[in-house]
Each structure stands twice: as C-alpha cells, then as structure tokens.
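User: Hi! I am new to reading protein structures and would love a close look at a single part of this one. Could you walk me through it step by step?

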Amino acid sequence: MGFVIDPPPVVSVPVVGSADRFPVRRVWCVGRNYVEHAKEMGFTGREPPFFFAKPADALVVIADGATGDMPYPPGTEDLHHEIELVVAIGVGGRAIAAADAGRHVYGYAIGLDMTRRDLQMVARKAGRPWEVGKAFDASAPIGPIHRAASASPMAAGAISLEVNGAVRQSSDVSKLIWNIGEIIEHLSALWELAPGDLIYSGTPEGVAAVVRGDLMVGRVAGLGELRVRVV
Ligand code: MN
C-alpha cells in the first residue's frame, strides 16, 4: 500500500548526548500557570489548570548551540514571547497520579509559546477557540531535550528570557501554580498521554512583544540556552 499524497515527515527534537531523536506526537500547553503571569493577564487566584494544543509541525526545532529563525507570523501586530519549561513524555498513560508522574517523563527542554496576543484577546472576548492566537505556523520554538536526571519531576530552577540582551522574564520553576506532576495528573485525566507528547508548562510574568530582528535568549537552569531570531 502506498499513500495518495506524500505523508508528512515525523517531527522530531534532538536529544543531548544521543545520536537519536525524540519523535513528537502532540504539543500540549498549560494556560496561566504562574501567579504573576495570571495577574498580568487579568486573572487572580488558583483555578484548575486548563490546556490548549499546538500542532507538532508548529515546532521550530533548534539544535544545541545554534540560533534558530522564527518567521514573524501573518495577521498580528502584537507577537508575544512566553518562555516555558517543556516536559517530554516518554511513557504514556491515563489517570496518572502526580506521585507517579516522574516515571512518565523522558526529559526536559526550553520552549517558547509564541502568541499572537491581539488575535488571542479577540478570541477570548468572543468566547472563540484560541488556535488563531496560539497554534499558528512556527509558534513553538524548542531546544534539544535533556534526559531527566532524577526520577521525580523537575521542581525548581531559574527560568528567564532576554530580548536583545535585556531581561524580560525572570522567575523560577518552583513558582508554577500546578507543578509538573500535577500537570501530568490533570492532563492524563482528560486525555491518554502517549510517548512523544510534549507539554509546555506555562510562562512566568513579563510577556511582551517582539518584532523582526529581535534576538530572544531563553534559559532554564540545567538545560542550557534557547536562541531564536525573529525574522
Ligand atoms: Mn504559554
């Protein structure tokens, strides 16, 4: 049997210290998962985590030490950066308890949940889906995956983003409202997680716009740097 059109290529992310790559199935994202970011978006208090998704081919995969190019997307005049810790799922499952979540994690990467904020806000006000603001082409730059160093999910570590050398976002993974284990518990209660799923875990405060020519440098402790040029 053949295919009537060419099948799409498997999207994959390099793994630090390995010649083999991590194949991507789905890209999940957690909304408003740091208190100070929830506040800057007009919300307060702890609400149950909520999720949205991006297509796997929205990833812009950037090799270790390289600077990747992200094309400025059409339809927006307010493209925002959101630096995030990304969790790579290596073992699938449903109804995973937070206490067992660590054994489902293959590793971690630095990612950017790029957002057409103007279009997201129009959708939010109208009660429409978020795809137009979140799930556009090249909306998810990501660096290489670092294999998990511990059996328990990452609980702390500095996370930051600079644009043209100026710090825009600076926080710590310990400030996640829902930690990595809890995210996996909630997500796997709603969908069966599968090997190859990525989870963007949410962004801290300081989201703001970038324009063509800007250089974004994201960092998460232990995961190196993610360097992305908006072109
Ligand atoms: Mn986000």
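How many bridges join β3 to strand β4, and do they run parallel or antiparallel?

Analyst: Happy to help! Please keep in mind that this is a predicted model. Strands β3 and β4 are joined by 4 bridges, and the two run antiparallel. In this pairing β3 covers residues 27-30, while β4 covers residues 51-54. To see a point where they face each other, find Val27: it stands opposite Lys54 in β4.

Strand β3 has another partner as well. With strand β15, residues 198-200, it shares 3 bridges, and this time the strands run parallel. Here you can look for Trp28, which stands opposite Ile199 in β15.

Now turn to the side chains of β3. Val27 and Cys29 lie on one side of the strand, Trp28 and Val30 on the other, and all four are buried. Both faces of β3 are therefore covered, as buried here means under 20% relative accessible area.

Let's follow one link outward. Lys54, the β4 residue opposite Val27, is also among the residues that Met114 touches. Met114 sits in the loop between β9 and β10, and it is buried, with a relative accessible area of 0%. Leaving aside residues up to four places away in sequence, its contacts include Met70, Leu79, His80, His81, Phe136, Pro141, Val210 and Met216. For a sense of distance, the C-alpha atoms of Met114 and Arg212 are separated by 14 Å, and these two residues are 98 apart along the chain.

That same loop between β9 and β10 also holds Asp113, which brings us to the manganese ion. Its protein donors are Glu82 (OE), Glu84 (OE) and Asp113 (OD), at 2.0 to 2.1 Å from the ion. Along the sequence these donor residues follow the spacing E-x1-E-x28-D. Glu84 belongs to strand β8, residues 83-89, and Asp113 comes 29 residues away, so this pair links distant parts of the chain. Both Glu84 and Asp113 are buried.

A little further along the chain you reach helix α2, residues 117-126, where Arg117, Gln120 and Ala123 are buried. These three are on the same side of α2, because they cover an arc of only 125 degrees around the axis. The face turned away from that buried side carries Val122 and Lys125, which are exposed. The cover over the buried residues of α2 includes α1, β7, β10 and α3. After α2 comes Gly127, with a positive phi near 70 degrees.

Finally, step back to the whole protein. There are 4 helices and 17 strands in it. Of its 231 residues, 51% count as buried. A compact globule with 231 residues would have a radius of gyration near 17 Å, and the protein agrees, because it has 17 Å. The C-alpha atoms fill a box of roughly 45 × 40 × 35 Å along the principal axes. Take the contacts between residues at least 6 apart in sequence: 76% of them join residues at least 24 apart. As for the outside, the accessible surface comes to about 10500 Å², and 55% of it belongs to carbon and sulfur atoms.

Note on methods:
Residues numbered from 1 in each chain as written. Predicted model: local features only at pLDDT ≥ 70, side-chain atom pairs only at ≥ 80, totals over all residues. Heavy atoms only, no water. Donors = N, O, S within 2.8 Å, 3.2 Å for Na, K, Ca; no water. Buried < 20%, exposed > 50% of the residue type's maximum accessible area, 1.4 Å probe, protein only. Pairing = 2+ DSSP bridges. Rg over C-alpha atoms; globule rule 2.2 N^0.38 Å. Contact = heavy atoms within 4.5 Å. Areas by Shrake-Rupley, 256 points an atom, 1.4 Å probe, with all protein chains shown as cover. Arc of directions from axis to C-beta.
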